[in-house]
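Here are my notes on the model you sent over. I have kept each point short, so you can follow along with the structure open beside you.

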Amino acid sequence: MARVVVVTSGKGGVGKTTTTAAIGAALAQTGGAGGKGGERVVVVDFDVGLRNLDLIMGAERRVVFDLINVIQGDAKLHQALIRDKRIENLALLPASQTRDKDALTAEGVAQVIAELREKFDWIICDSPAGIERGAALAMHHADTAIIVTNPEVSSVRDSDRIIGLLDSKTERAAKGERVEKHLLLTRYDPVRAARGDMLKTEDVLEILSIPLLGIIPESQEVLRASNLGAPVTLNAPDSAPARAYADAVRRLRGETLDMVVPTERRGFVDRLFGRRVA
């Protein structure tokens with residue numbers, strides 16, 4: 001049965017879109033090389049007006065129709081879906097860059113999600129930040145939520161608000177059920193945390209009280225991959241953030257793994273002189 005996952009946060013700039021792309025790509029690769037025979041995954045951009053997921057996925061020049069076109073009946077779903085050229089089982093449903101968020105309707109979103117459930121095993125929804133209409137519709141049909149948080153007070157406080165909405169304003173909440181919630185801590189630097197320059201993991205967990213899905217370390221590889229139009233799990237699969245995302249995906253699929261903060265791999269010369277590989 002298809003699973004709808006919303007990637008959300010109360011604060012912008014925490015890494016929702018890069019997380020959506022990285023997790024979507026990693027999930028689609030679970031079936032083997034190139035995603036052949038694996039689970040079918042679609043990533044959906046709900047950030048109408050500020051479309052970015054297509055850039056991270058390297059598909060910005062292939063966008064013809066978008067989510068709003070499908071909702072308004074100007075295009076069929078299959079016309080708007082963009083199949084990834086690198087992973088057979090991965091697709092993108094882009095947002096509109098020229099429409100207002102009011103173009104999203106509850107009925108239209110429900111119809112699109114229902115159609116996607118018939119075609120895919122995983123539907124990963126990239127939510128806009130905050131609590132406005134686009135975010136509410138992105139999380140409404142979620143079975144699972146990944147709450148992306150930076151280890152800073154304002155980000156954690158805003159995430160607490162999102163948890164409250166997931167427990168009260170979703171389809172599952174209306175049925176008396178709960179959305180499965182996971183915390184993904186991004187841009188984590190253990191050295192800065194030890195100095196007290198950012199919150200420690202245990203502090204964040206104590207405040208939010210939801211299970212920890214993964215800890216994504218601060219790394220230039222994430223930005224480098226985004227600029228190249230590729231999820232970091234594809235562009236630099238051996239990098240620290242890619243390995244952290246891969247572990248997070250395994251936990252999302254039900255595996256039990258020890259929680260560690262991956263670090264960048266070093267060569268012999270770098271270890272000898274104590275320098276970090278760029």
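**Notes on the predicted model**

1. Let me start with one residue and work outward; please keep in mind that this is a predicted model. Leu 234 has a relative accessible area of 22%, and that makes it partly exposed. The cut-off for buried is under 20%, so Leu 234 at 22% falls in the partly exposed class. You will find Leu 234 in helix H12, which covers residues 232-235.

2. Which residues does Leu 234 touch, once its neighbours within four places in sequence are left aside? The contacts are Ala 25, Gln 29, Arg 86 and Ile 87. Take Arg 86 as an example: 148 residues separate it from Leu 234 in sequence, yet their C-alpha atoms are 8.8 Å apart in space.

3. One of those partners, Ala 25, leads us to helix H1, where it is listed among the buried residues. Helix H1 runs over residues 16-28, which makes 13 residues. From first C-alpha to last, H1 reaches 18 Å, close to the 18 Å expected at 1.5 Å a residue.

4. How many of the 13 residues of H1 are buried? Twelve are, so the helix is largely enclosed by the rest of the structure. The buried set includes Lys 16, three threonines in a row at Thr 18, Thr 19 and Thr 20, and also Ile 23, Gly 24 and Leu 27.

5. Two residues deserve a look for their backbone angles. Arg 187 is not a glycine, but has a positive phi of about 55 degrees. Arg 187 sits in strand E7 (residues 180-188) and is partly exposed, with a relative accessible area of 43%.

6. Ser 209 also has a positive phi of about 55 degrees without being a glycine. Its setting is the loop between helix H10 (201-208) and strand E8 (212-217). With a relative accessible area of 58%, Ser 209 is exposed.

7. Two further loop positions are worth finding on screen. Ser 168 lies in the loop between helix H7 (153-166) and helix H8 (171-174), and its 44% relative accessibility counts as partly exposed. From Ser 168 to Asp 102 the C-alpha distance is 22 Å, with their positions 66 residues apart in sequence.

8. Is Asp 258 buried or exposed? At 69% relative accessibility, Asp 258 counts as exposed. This residue belongs to the loop between helix H13 (240-252) and helix H14 (268-273). Asp 258 and Asp 247 are eleven residues apart in sequence, and their C-alpha atoms lie 9.3 Å apart.

9. Now for the whole chain. The secondary structure comes to 14 helices and eight strands. A compact globule of 278 residues would have a radius of gyration near 19 Å, and the 18 Å of this protein agrees with that. Along the principal axes, the C-alpha atoms fill a box of roughly 60 × 40 × 35 Å.

10. Buried residues account for 53% of the 278. Of the contacts between residues at least 6 apart in sequence, 72% join residues at least 24 apart; the contact of Leu 234 with Arg 86, at 148 residues apart, is one you have already met.

11. Last, the surface and the charges. The protein exposes about 12,900 Å², and carbon and sulfur atoms supply 48% of that area. There are 38 positive and 38 negative side chains, and the centres of the two sets lie 3 Å apart.

Notes:
Residues numbered from 1 in each chain as written. Predicted model: local features only at pLDDT ≥ 70, side-chain atom pairs only at ≥ 80, totals over all residues. Heavy atoms only, no water. Helix = DSSP H or I, 4+ residues; strand = E, 2+ residues; numbered from the N terminus. Expected span 1.5 Å × (residues − 1). Buried < 20%, exposed > 50% of the residue type's maximum accessible area, 1.4 Å probe, protein only. Rg over C-alpha atoms; globule rule 2.2 N^0.38 Å. Contact = heavy atoms within 4.5 Å. Areas by Shrake-Rupley, 256 points an atom, 1.4 Å probe, with all protein chains shown as cover. Lys, Arg positive; Asp, Glu negative; His and termini not counted. Charge placed at Lys NZ, Arg CZ, Asp CG, Glu CD.
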